[in-house]
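Student: I have a two-chain model to read and want the reasoning behind each label. Can we go through it together?

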2 protein chains.
Amino acid sequence: MLSEFTIKYPAINSGTDKTTIKFYEGQADLLELFKKQHSEEKTGESCGASLAERRHIFVTDKTVSSLKSVIPFINSFTNGTSGGDVLLVLEAGEKYKTMESVLKIIKTALDHRLARHDVFVGIGGGVITDVTALAASLFKRGAVVEFVPTTLLAMVDAAVGGKTGCDFENYKNMIGTFYPAKTLYVFPHFLQTLSENEFRSGFAEALKTALLYSPSMYELIKKSGNDILSRKEDVLFTIITECVKAKAAVAESDFTEKNIRMQLNFGHTFGHALETVAGLGKVTHGDAVAWGIGRAACLSSNLKLCTSAYKDEILELLSSFGWETSAVHSSVKNLPDPAQKLIGAMKNDKKNDSSNVRLILQRGIADTVITEVKDGDILKVLSSGK
Amino acid sequence: MLSEFTIKYPAINSGTDKTTIKFYEGQADLLELFKKQHSEEKTGESCGASLAERRHIFVTDKTVSSLKSVIPFINSFTNGTSGGDVLLVLEAGEKYKTMESVLKIIKTALDHRLARHDVFVGIGGGVITDVTALAASLFKRGAVVEFVPTTLLAMVDAAVGGKTGCDFENYKNMIGTFYPAKTLYVFPHFLQTLSENEFRSGFAEALKTALLYSPSMYELIKKSGNDILSRKEDVLFTIITECVKAKAAVAESDFTEKNIRMQLNFGHTFGHALETVAGLGKVTHGDAVAWGIGRAACLSSNLKLCTSAYKDEILELLSSFGWETSAVHSSVKNLPDPAQKLIGAMKNDKKNDSSNVRLILQRGIADTVITEVKDGDILKVLSSGK
């Protein structure tokens with residue numbers, strides 16, 4: 001070698017250095033929120049343009065755009081524009097969490113000549129927030145992104161913590177960046193518009209967060225089952241706030257998931273495998289995660305990490321919210337040898353670097369361990385009997 | 001509003017916290033470099049796998065893969081694999097600097113089950129380094145990337161400083177991330193394989209760097225014209241080293257181009273406009289930039305920022321390397337009203353947020369200003385006569 005030298009780079013904040021989370025009471029008035037609020041903000045920001053001068057591209061989907069509270073906002077656009085702002089309505093659903101959607105957002109922003117100081121706003125569930133943020137992170141090497149999460153999953157999980165992503169061909173979530181949103185506008189009232197499935201799916205992440213980090217939220221969930229299922233806004237507000245704070249604390253200390261952020265995958269290694277083996281879309285993400293939490297609890301108990309009383313309590317709580325707690329989930333029970341298929345899928349998980357499967361297990365509430373587990377122990381909790 | 005709180009994120013190093021640049025004498029032996037060297041490195045790294053365990057995806061193009069020095073390396077692969085390593089050969093040229101190429105790289109890595117601690121290696125010019133790094137930055141939210149730059153442009157500019165990108169539909173360089181390479185393996189000997197056009201194109205960026213930052217390199221270039229044009233390796237080695245160090249210093253202090261990094265666009269606002277108006281691919285990037293440097297020098301002199309002697313010296317130097325210094329470049333002289341078209345293109349540049357065009361001009365060597373310029377003053381240096 002002739003010579004060698006080194007360039008050192010400063011650490012940077014991609015997207016933003018902080019996310020401000022604003023909670024609002026009652027039905028969302030997006031016209032009020034974006035049109036009036038932004039025209040009233042007078043102070044400039046470091047990137048050159050004052051907030052009032054910044055244009056927006058709003059990205060949502062057909063389901064959200066037809067919500068009663070959202071229609072007046074949608075109707076304020078003519079041919080996709082309103083003043084300097086742009087609206088893009090994507091098809092709804094997980095199968096549109098694709099690179100095509102991401103590129104469609106970028107193309108719309110380019111065609112309308114948005115600048116890199118302009119703002120991408122995702123209004124919707126986790127699919128919309130993930131693809132909008134990924135598009136923003138790639139647009140001219142990074143525009144600002146903001147979210148209006150409309151599902152419980154997006155409010156407590158997808159919109160918080162800076163992970164963006166999309167699916168690609170048959171690969172789930174394999175393309176993405178770390179790129180947090182600047183502002184989250186949270187209207188718990190949106191939860192009243194969710195289907196039973198969507199609501200329960202999001203609630204699984206809330207329960208997971210409670211088990212990982214918050215004994216007080218766990219107690220609240222145990223005693224407020226009926227209020228939660230009937231979507232009483234004060235209980236939901238408390239749960240969302242606690243979840244966001246817990247996830248924020250984890251993301252703050254381990255933004256790029258080098259260590260403790262992995263705990264957030266509690267229930268997910270089992271859950272992702274179930275989603276894959278059942279066929280994408282057959283089980284909701286939340287139902288799969290809830291089932292996975294039950295499997296992780298059984299495994300924790302079998303390995304003598306936690307007491308069998310703790311495991312039984314979790315299984316009972318899962319059942320009370322309507323989740324399956326059997327070893328063989330109904331969505332795969334007619335397949336030949338589902339346990340082997342599930343283990344195979346777990347080994348392909350992107351977070352798994354080793355030949356043994358690495359799992360997140362618990363010693364008890366808010367006492368979590370990450371450990372490699374032998375196939376035989378995993379098979380045991382995937383086979384009928386336990 | 002019900003309540004509000006804030007998550008703070010730590011600043012992170014995307015890609016890597018430092019780039020190590022290694023210079024090698026003589027013809028590149030990539031087999032030696034990657035196969036043997038990596039198997040000899042025994043120390044582990046923070047991301048889990050030791051270097052020896054890491055797999056590589058090598059990305060190159062048809063031009064580079066048919067270079068005499070590269071063929072043995074290419075031939076070590078069978079059906080695109082060699083041991084755990086993977087090879088992808090893309091078509092050559094600017095028109096393959098696309099999202100399709102980026103996704104092809106990611107798909108190849110996924111199909112071969114690479115993990116996020118594995119390494120993407122771009123072997124080629126600026127197109128290959130840009131798309132490979134963009135693919136790496138998106139793969140599972142970020143894999144390591146390394147470069148073997150094979151053109152002068154890539155050695156002095158594209159491979160240094162962490163900008164990744166691709167073109168999209170008719171938009172040039174509008175998608176990208178900030179994501180530096182971990183290692184640059186520089187073999188100045190590759191420059192002997194370049195066509196006259198490619199060599200001159202890269203040299204324009206070296207000249208730009210000298211004018212912006214290095215009076216000593218400027219003197220070297222003035223007195224070594226023949227040695228440079230005949231590609232004497234010792235002169236080229238000095239120039240590449242100086243350029244990389246200068247660009248590194250700028251990238252270190254302004255990684256995401258909030259202020260002084262903009263200076264690196266000296267000659268580029270004119271140059272990009274020329275490329276666009278002439279039609280992509282009609283003028284090389286370097287020839288366009290060199291012409292743009294001449295225009296910026298004339299404008300600097302007209303605005304009394306620099307002396308006319310400095311401007312004349314630059315124009316003479318540009319001529320001596322075969323670049324055009326006339327107000328109307330030959331590639332657009334047969335178009336109706338080229339000056340107006342060029343101004344229009346300058347106003348669409350992604351770095352331009354204002355209604356006036358913002359340009360990088362000079363008071364003299366290593367004395368640069370960024371300033372908004374009136375259309376009339378720009379038109380004057382784009383119209384024959386000056």
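Tutor: We will take the labels one by one and set values against cut-offs. Keep in mind that this is a predicted model.

Student: Start with chain A. Why is A:Ser137 called buried?

Tutor: Its relative accessibility is 4%. Buried means under 20%, so A:Ser137 qualifies. The residue lies in helix α5 (residues 126–138) of chain A.

Student: What makes the pairing of A:Ser137 with A:Thr177 a polar contact?

Tutor: The two side chains come to 3.0 Å. The cut-off for a pair of N or O atoms is 3.5 Å, so the pair counts as a polar contact. The side chain of A:Ser137 also has a polar atom 2.8 Å from the backbone oxygen of A:Leu134.

Student: Which residues does A:Ser137 touch, beyond its neighbours within four places in sequence?

Tutor: In chain A, they are A:Gly142, A:Thr177 and A:Tyr179. From chain B come B:Gly176 and B:Thr177.

Student: And A:Thr20, what makes that residue buried?

Tutor: The value is 14% relative accessibility. That falls under the 20% limit, so A:Thr20 is buried. This residue sits in strand β2 (residues 18–23) of chain A. Its contacts outside the local sequence include A:Leu184, B:Glu4 and B:Phe5.

Student: Now the interface. How many residues does each chain bring to the contact?

Tutor: Chain B gives 69 residues and chain A gives 69 residues. Between them they bury about 6,700 Å², with 63% of it on carbon and sulfur atoms. B:Phe5, B:Tyr9 and B:Arg141 supply 14% of the area that chain B buries against chain A, more than any other three residues.

Student: Which polar links are counted there?

Tutor: There are 28 residue pairs in polar contact between chain B and chain A. The count of salt bridges between the chains is two. On the side of chain B that touches chain A, α10(B) gives the most, with seven residues.

Student: What makes A:Lys107 and B:Glu169 a salt bridge?

Tutor: Their side chains meet at 3.0 Å, N to O. The limit is 4 Å, so the pair passes. B:Glu169 lies in the loop between β8 (166–168) and β9 of chain B, and A:Lys107 in helix α4 (residues 99–111) of chain A, so the bridge joins two chains.

Student: Are these partners buried or exposed?

Tutor: B:Glu169 has 54% relative accessibility. Exposed means over 50%, so B:Glu169 is exposed. A:Lys107 stands at 28%, so this residue counts as partly exposed.

Student: How do you know that A:Arg200 and A:Asp287 link distant parts of the chain?

Tutor: They are 87 residues apart. A:Arg200 is in helix α7 (residues 196–213), and A:Asp287 is in helix α12 (residues 285–302), both of chain A. Their closest N and O atoms are 2.9 Å apart, in a salt bridge. A:Arg200 is buried at 18%, and A:Asp287 is buried at 13%.

Student: Why are A:Lys208 and A:Glu205 said to be about one helical turn apart?

Tutor: They are three residues apart in helix α7 of chain A. An α-helix has 3.6 residues a turn. The side chains meet in a salt bridge at 2.9 Å, N to O. A:Lys208 is buried at 2%, and A:Glu205 is buried at 0%.

Student: Turn to chain B. What makes the buried residues of α13(B) one side of the helix?

Tutor: They cover an arc of only 160° around the axis, which puts them on the same side. Among them are B:Tyr310, B:Ile314 and B:Leu318. The face turned away carries the exposed residues B:Ala309 and B:Glu316. The buried residues pack against α7, α8, α12 and β11 of chain B.

Student: How do you know that the span of α13(B) is close to expectation?

Tutor: The helix has 13 residues and reaches 18 Å from its first C-alpha to its last. The expected value, at 1.5 Å a residue, is 18 Å. Just after the helix, B:Gly322 takes a positive phi of about 90°.

Student: Which residues are buried in α8(B)?

Tutor: B:Met217, B:Tyr218, B:Leu220 and B:Ile221 are. Their arc is only 160°, which puts them on the same side of α8(B). On the other side, B:Ser216 and B:Lys223 are exposed.

Technical notes
Residues numbered from 1 in each chain as written. Chains lettered and ligands numbered in written order. Predicted model: local features only at pLDDT ≥ 70, side-chain atom pairs only at ≥ 80, totals over all residues. Heavy atoms only, no water. Helix = DSSP H or I, 4+ residues; strand = E, 2+ residues; numbered from the N terminus. Expected span 1.5 Å × (residues − 1). Buried < 20%, exposed > 50% of the residue type's maximum accessible area, 1.4 Å probe, protein only. Arc of directions from axis to C-beta. Contact = heavy atoms within 4.5 Å. Polar contact = N/O pair within 3.5 Å; in protein donor to acceptor, adjacent residues only side chain to side chain. Buried area = accessible area lost by both parts, 1.4 Å probe.
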